[in-house]
There are 2 protein chains.
Amino acid sequence: MALIVQKYGGTSVGSVERIEHVADKVSAFRAKGHEVVVVVSAMSGETNRLLALAQEIDPQPEGRELDVLLSTGEQVTIALLAMALKKRGVAARSFTGGQVHIRTDNAHNKARIVDIDRQRVSAVLEAGEVVVVAGFQGVDEDGNITTLGRGGSDTTAVALAAALEADECQIYTDVDGVYTTDPRVEPKARRLERITFEEMLEMASLGSKVLQIRAVEFAGKYNVPLRVLSSFDDDMDGQTGTLISYEEEGMEQALISGIAFNKDEAKLTVLGVPDHPGVAHQILGPVGAANIEVDMIIQNVGADGTTDFTFTVHRNDFARAKEVLERVAEELGAREVSADDKIVKISLVGVGMRSHAGIASQMFEILASEGINIRMISTSEIKVSVVVDEKYLELGVRALHSGFGLEQSIELTQ
Amino acid sequence: MALIVQKYGGTSVGSVERIEHVADKVSAFRAKGHEVVVVVSAMSGETNRLLALAQEIDPQPEGRELDVLLSTGEQVTIALLAMALKKRGVAARSFTGGQVHIRTDNAHNKARIVDIDRQRVSAVLEAGEVVVVAGFQGVDEDGNITTLGRGGSDTTAVALAAALEADECQIYTDVDGVYTTDPRVEPKARRLERITFEEMLEMASLGSKVLQIRAVEFAGKYNVPLRVLSSFDDDMDGQTGTLISYEEEGMEQALISGIAFNKDEAKLTVLGVPDHPGVAHQILGPVGAANIEVDMIIQNVGADGTTDFTFTVHRNDFARAKEVLERVAEELGAREVSADDKIVKISLVGVGMRSHAGIASQMFEILASEGINIRMISTSEIKVSVVVDEKYLELGVRALHSGFGLEQSIELTQ
């Protein structure tokens, strides 16, 4: 018998029929004797419907009232799911975020959980009932309703699992796990049985949209085993999907877990900047002041006492960043600004590369053999990223996927 | 400067456009320096939409979960109205029933308010903000969400007005006040400027659907002046509509305030029951046990030691009541059961009739002069009711309306 926290997202509860299916899954877990806490999102489309109502009144609705409005979406789902469970003879009770004392700060629309009182939930579990909790919401210390921001239901589930010291937190979604890369780009992509928190963070931040990054961080921090799995299949065991946990000793580790990529980046370079201390700050200061987030940063020193400074930004910020940079370049007496938004970033991720030299050079060799020119390189302990021309995305991902043997169906945990 | 509690029902907040109109009205009150608490219902159609979702899952959804579900309807409205007020520069804050501590018993779907903590609301009013409260809902002592049943928003408004000792509780609706009778039956019906709580109770229970009966009782009990007025006009003064209050000394009182009628009744008679003590209970006991509510009751003693016993029930219960009665009649050795669902009840209501004899006989005379046969009569201190054949409804109401001079536009409060 285990204590499981399950989270079902918007598409998983997108209709009465889907909610009934979720109730079947939860019932199956109860029938095995597990204690179950279920966290649900708003039915898909509902949050957008409410947002549209608000914006009809005020394009920039006030944060506090927007939270009062949006939090009703999850409240509808908890009631319907609890009804569906009771109809199946499964004792269940629904709770809003406030009712189970999910305390947050008061940053409306993007609040952070500061505390969960486990007493209330534990008491209901001990009484043999399934606890159905509204995700995405909480209350601040004055009792105002807050929301955690889009996707915050994952965070609610992980936070509850941490507070209750649950055996596993299962995130049910519309995909059946985490893949070695995006199957739309590489059809040979393979589902991973396991992945570490660190790898998942790198995969998530690089564009795998399976899980909210904050939820993964939270799970890692409190060591909550996290499983991503599909709510659409008929598996009632919860043993499929991908398990995200810490690296276990003695576990044979693959060199590379997966290949992430990001199509939303654009690259900007200031060429021929007179090199002196503080030049990086003089360039990036105005960019940051314009509220533009920078991803990769590279600086090369040239031969003539000047330097070339390159960084990437989100493609949405490209035009603004270019404007800022042209002004800065003139002030600094730089030669010119070059800008390119037809690029992509491809990254190899794997905790295994910590102990294996040569992963980076193997990566460059594979890309070179396909005639793909690398425009930028950046590395971290468990990741190597390259920026290449947009047109090489599919070719590059497939070449690396095959070059590192990711399509093989050898299970990592064997 | 006064403290006003305003309540806007479902059609008054039925669309974003209507909510904007309500915000205009509230703003106008604030601009005059009044303190305002606004109670709102769910947008019209929303409660039915939610109910349909629930019933798709379970035709008899559990009460607790149904309340969690339905209470979201008002929560959406409070957020949207608070946004609309803020857009107009009016400081405002929304609260669910639980957030302003509207404590109820735990009778889900038909809870009764047991206590309201005025501290929270008072503090926000003192800070110069408009308080927007979700009607129809509260929490029980364990923090479970409860609802007061359909129309309960009126009760919320009156209870808040009582707790805050407000100067007036204004119920905005889709009619512009209480009329001497239903204008669809008598186009000459006139809006009353004032009416007493007792008269309003008689009018409401007899079929005028303007106000929830519980709200009127509550207002009477706590002496909260209640005003019914239209949310659809452009009046920004709140001095129109009908004011419901206690009779004031020296106030010239009309004999008759209005004519109510009820088309939903049916009449049942047991003829020739052997008369002995307890016969009324023997007849009505089984009817009550079948959960059938009885309205008027009349018993006449016959010459031959038998009695005729007549009562009315809601037309929906007619068939069941007849079945029960036929069984009872046989047991009691009664001669026969006669039943008629083609009847209506017409009632004269007015506190003035207390001090004036002869109202009843004047009523019977007017009806007789139109050739209308009276089937049953029942009187109370401020009401005379007659049952007549259904086909005489319009004729009877118009004859009485004109016979008692109700169409004259003499204002009662002059």
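Two residues count as in contact here if their C-beta atoms, placed from the backbone, lie within 7 Å. Keep that cut-off in mind, and remember that this is a predicted model.

**Exercise 1. The contact between chains A and B**

Work out how many residues each chain puts into the contact, and which helices of chain A are involved.

*Solution.* Start with the totals: chain A supplies 26 residues and chain B supplies 27 residues. Next, look for elements of chain A that give two or more residues to the side touching chain B; these are helix H2 (46-57) and helix H3 (63-87). Of the contributors, H3(A) gives the most, with 14 residues. Last, sort that side of chain A by residue type: 15 nonpolar, five polar and six charged.

**Exercise 2. A four-stranded sheet in chain B**

Lay out the strand order of the open sheet in chain B and say which strands stand at the edges.

*Solution.* Reading across, the order is E15-E16-E14-E17, with antiparallel pairing. Now check the ends: strand E15 (294-301) and strand E17 (336-340) of chain B each have a single partner strand, so one side of each has no neighbour in the sheet. On average, neighbouring strands here are turned by 15° against each other, direction ignored.

Then go through the pairs. As background, strands of a sheet pair through backbone hydrogen bonds, either parallel or antiparallel. Strand E14 (residues 265-274) and strand E16 (residues 306-314) of chain B run antiparallel and share eight bridges. Two positions let you check the register by eye: Leu268(B) has Phe311(B) as its bridge partner in E16(B), and Val273(B) has Thr307(B). E15(B) and E16(B) are likewise antiparallel, over six bridges, with Val294(B) standing opposite Val313(B) of E16(B).

**Exercise 3. The helix on the sheet**

Find which strands of chain B helix H9 touches, and the angle between the directions of H9 and E14(B).

*Solution.* Pick out helix H9 (residues 318-332) of chain B, which packs on the sheet and touches E14, E16 and E17 of that chain. Then compare directions: that of H9 makes about 5° with that of E14(B).

**Exercise 4. Two domains in chain A**

Describe how the two domains of chain A are placed and what domain 1 brings to their contact.

*Solution.* The domain assignment gives domain 1 (3-249) and domain 2 (253-405). Their centres, taken over C-alpha atoms, are 34 Å apart. The contact draws 18 residues from domain 1 of chain A and 17 residues from domain 2 of chain A. On the domain 1 side, strand E10 (194-196) and helix H6 (197-205) of chain A are the elements giving two or more residues; H6(A) gives the most, with four residues. By type, that side of domain 1 holds seven nonpolar, five polar and six charged residues.

**Exercise 5. An unusual backbone angle**

Locate Asn291 in chain A, then in chain B, and decide for each copy: buried or exposed?

*Solution.* In chain A, Asn291(A) has a positive phi of about 65° although it isn't a glycine. Its place is the loop between helix H8 (279-289) and strand E15 (294-301) of chain A. Count 8 other C-beta atoms within 10 Å of Asn291(A); the limit for exposed is 12 or fewer, so Asn291(A) is exposed.

In chain B, Asn291(B) has a positive phi of about 65° and isn't a glycine either. You'll find Asn291(B) in the loop between helix H8 (279-289) and E15 of chain B. With 8 other C-beta atoms within 10 Å, Asn291(B) is exposed.

**Exercise 6. The nonpolar cores**

Identify the residues that touch the most other members of the largest nonpolar core, and trace the contacts of Val132(A).

*Solution.* In soluble globular proteins, nonpolar side chains tend to be buried together. The largest core here has 125 residues, and those touching the most other members are Val38(A), Leu81(A), Val132(A), Val133(A), Val158(A) and Leu160(A). H3(A) provides the largest share, nine residues.

Now zoom in on Val132(A), skipping neighbours within four places in sequence: among its contacts are Val38(A), Ile78(A), Leu81(A), Arg93(A) and Phe95(A). Finally, there's a second, separate core of 121 residues, including Val100(B), Val133(B), Ile259(B) and Leu348(B).

Technical notes: Residues are numbered from 1 along each chain as its sequence is written. Chains are lettered from A and ligands numbered from 1 in the order in which they are written. This is a predicted model: local features need pLDDT of at least 70, side-chain atom pairs count only at pLDDT 80 or more; totals for chains, interfaces and linings use all residues. Ala, Val, Leu, Ile, Met, Phe, Trp, Tyr, Cys and Pro count as nonpolar, Asp, Glu, Lys and Arg as charged, and the others, Gly among them, as polar. Two strands pair if DSSP finds at least two bridges between them. Axes are lines fitted to C-alpha atoms, for helices over the stretch in contact, and angles run from 0 to 180 degrees between N-to-C directions. Domain bounds come from an automatic or database domain assignment. A residue is buried if 20 or more other C-beta atoms lie within 10 Å of its own, exposed if 12 or fewer, and partly exposed in between; C-beta atoms are placed from the backbone. A nonpolar core is a set of buried Ala, Val, Leu, Ile, Met, Phe, Trp, Tyr and Cys residues joined through C-beta atoms within 7 Å.
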